[in-house]
Structure formats: structure tokens, C-alpha cells
Amino acid sequence: MNTQASKTGKIHKKRLSQEQVRLLEASFDSGKKLEPERKFQLARDLGVPPRQIAIWHQNKRARWKSQSLELDHGAMQVRLDAALAEKRELEKEVGLLRAELRRAQDMLFGARGGGGGPPPVSSLSSCCDETGGGGGSSSLNEDVGCSANWPNVEELYACLMAKPVSEVVNERDYWV
């Protein structure tokens with residue numbers, strides 16, 4: 001020890017050169033954990049105390065972990081933003097589908113000649129299953145080209161979508 005270091009009680013560590021840091025970075029890239037024999041080998045190769053090598057690796061591991069957490073957080077934030085955007089789009093689509101369902105109910109209920117407004121959404125299927133005279137206005141039926149009594153869902157869908165029944169291929173077409 002030199003005399004100044006013994007007077008202050010501190011040992012001044014030598015700063016690492018660019019070449020030494022480059023070698024330590026390469027060593028860190030090959031393995032995040034520092035095995036004792038590798039620590040001593042690096043200390044001999046670089047001419048620094050093994051403790052300094054160990055501390056450098058410890059600090060580098062802490063910085064690396066912090067950076068990887070930031071990257072993970074960024075990636076999760078991007079995924080969250082995408083999920084929220086998709087949720088907003090789905091909510092918009094649900095609103096449009098509900099409005100379309102209300103219009104279909106209004107058309108169906110109007111064609112059946114009901115008074116006092118449309119039935120609730122949950123009773124649409126029972127309204128469609130009914131057979132018998134609606135006794136209502138035939139102008140809607142003439143405009144759309146459908147009868148007031150729909151015997152099945154395909155005809156109702158074809159009527160609402162202004163398609164001939166022959167174009168209604170399968171049940172999946174109802175939700176497209």
C-alpha cells in the first residue's frame with residue numbers, strides 16, 4: 001500500500017481500460033454468472049484483483065436485469081395497448097350489432113302489427129317462432145318481399161338482408 005492510501009484508510013481501485021471492459025463484456029455475454037475459476041482467469045488476464053472482476057460482473061448483472069425488465073415492461077405495454085384498442089373495436093361492433101338487432105326487431109314487430117313498441121331483445125326468438133296472422137300492415141311485407149309469417153330463420157334473415165332464401169347458405173351467414 002502506498003502511504004496516502006494507508007493514511008485515509010481507502011484503497012483506490014484502478015479504472016478499467018476500454019480493452020479490459022471489452023473483454024469483460026464478452027465474458028458477460030458468454031455467461032451471466034461468474035464461476036470462480038473464470039473470475040481468477042479474467043483477473044490474471046486483465047491484471048486486476050479478482051474482487052474487482054466479481055463486482056464488475058455483479059453490477060453488470062444488475063444493469064442487465066434492469067434493462068431486460070424495462071424491455072419486458074415496454075413489450076407488455078404494447079400488448080396492453082393493442083388489447084385495449086381491440087376491446088374498443090369490439091365494443092363498437094357490439095353497439096352496431098345491438099342497433100341492427102333493434103332495427104330487425106322493429107321491422108319484425110311492425111310486420112306483425114304489434115303495438116306499444118318492439119319486444120325485448122331476449123324475446124326475439126319466440127317472436128320469430130310464432131305462426132299465425134300478424135294482422136299488421138302489409139306495406140313492409142310488400143317493400144321487402146316477405147310474408148308476415150316467417151316459418152324459419154333463413155327466411156327472416158333473407159328478408160332482413162334483402163337476399164333470396166336460396167342465397168342463405170348456412171347458419172354462419174347470419175353472423176357475418
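The legends below describe close-up views of a predicted model.

**Figure 1. Overall fold of the predicted model.**
The protein contains seven helices and zero strands. Along the sequence, these elements follow the pattern α-α-α-α-α-α-α. The chain has 176 residues, of which 22% count as buried. Among contacts between residues at least 6 apart in sequence, 39% join residues at least 24 apart.

**Figure 2. The largest nonpolar core.**
Nine residues make up this core: L24, F28, L34, L42, A43, L46, V48, I53 and W56. The elements that each give two or more residues to the core are α2 (18-30), α3 (36-46) and α4. Of the elements, α3 gives the most, with three residues. In soluble globular proteins, nonpolar side chains tend to be buried together.

**Figure 3. Surroundings of L42.**
L42 is one of the residues of the largest nonpolar core. With neighbours within four places in sequence set aside, L42 is in contact with L24, S27, L34, G47, I53 and H57. Among these partners, L24, L34 and I53 are also listed in the largest nonpolar core.

**Figure 4. S27, a buried residue of helix α2.**
S27 lies in helix α2. Is S27 buried or exposed? S27 counts as buried because its relative accessibility is 9%, and the cut-off for buried is under 20%. When residues up to four places away in sequence are not counted, S27 touches R38, L42 and H57. The contact with L42 appears again in the list of partners of L42, and H57 is in contact with L42 as well.

**Figure 5. L46 in helix α3 and its partners.**
L46 is placed in helix α3 and belongs to the largest nonpolar core. At 8% relative accessibility, L46 counts as buried. Which residues does L46 contact, leaving aside its neighbours within four places in sequence? The partners are Q20, L23, L24 and I53. Of these, L24 and I53 are also members of the largest nonpolar core.

**Figure 6. C-alpha separations between L46 and residues E19 and V21.**
L46 and E19 are 27 residues apart in sequence, and their C-alpha atoms are 9.0 Å apart in space. V21 and L46 are 25 residues apart along the chain, with 9.5 Å between their C-alpha atoms. V21 is found in helix α2, whereas L46 is in helix α3. V21 has a relative accessible area of 27% and is therefore partly exposed, while L46 counts as buried.

**Figure 7. The second largest pocket.**
This pocket holds about 270 Å³ of space. It is lined by 10 residues, and those closest to its centre are K14, R15, L16, Q52 and W56. W56 is also part of the largest nonpolar core. Which helix gives the most to the lining of this pocket? Helix α4 (residues 50-112) does, with five residues. By residue class, the lining divides into four nonpolar, two polar and four charged residues. Rolling a probe the size of a water molecule over the atoms shows where empty space is left.

**Figure 8. The annotated span 73-107.**
An unreviewed UniProt entry lists residues 73-107 as "coiled-coil region". In the predicted model, this span is 100% helix and 0% strand. How far apart are the end C-alpha atoms of residues 73-107? They lie 50 Å apart. Helix α4 covers residues 50-112.

Conventions: Residues numbered from 1 in each chain as written. Predicted model: local features only at pLDDT ≥ 70, side-chain atom pairs only at ≥ 80, totals over all residues. Heavy atoms only, no water. 1 Å grid on protein atoms, 1.4 Å probe; cavity = no way out; pocket = protein on both sides within 12 Å on 5 of 7 lines; lining within 4 Å. Points joined across faces, edges and corners; volume = space filled by probe spheres on them. Helix = DSSP H or I, 4+ residues; strand = E, 2+ residues; numbered from the N terminus. Nonpolar A, V, L, I, M, F, W, Y, C, P; charged D, E, K, R; others polar. Core = buried A, V, L, I, M, F, W, Y, C linked by side-chain atoms within 4.5 Å. Buried < 20%, exposed > 50% of the residue type's maximum accessible area, 1.4 Å probe, protein only. Contact = heavy atoms within 4.5 Å. UniProt positions renumbered as here; feature names shortened; annotations may be inferred.
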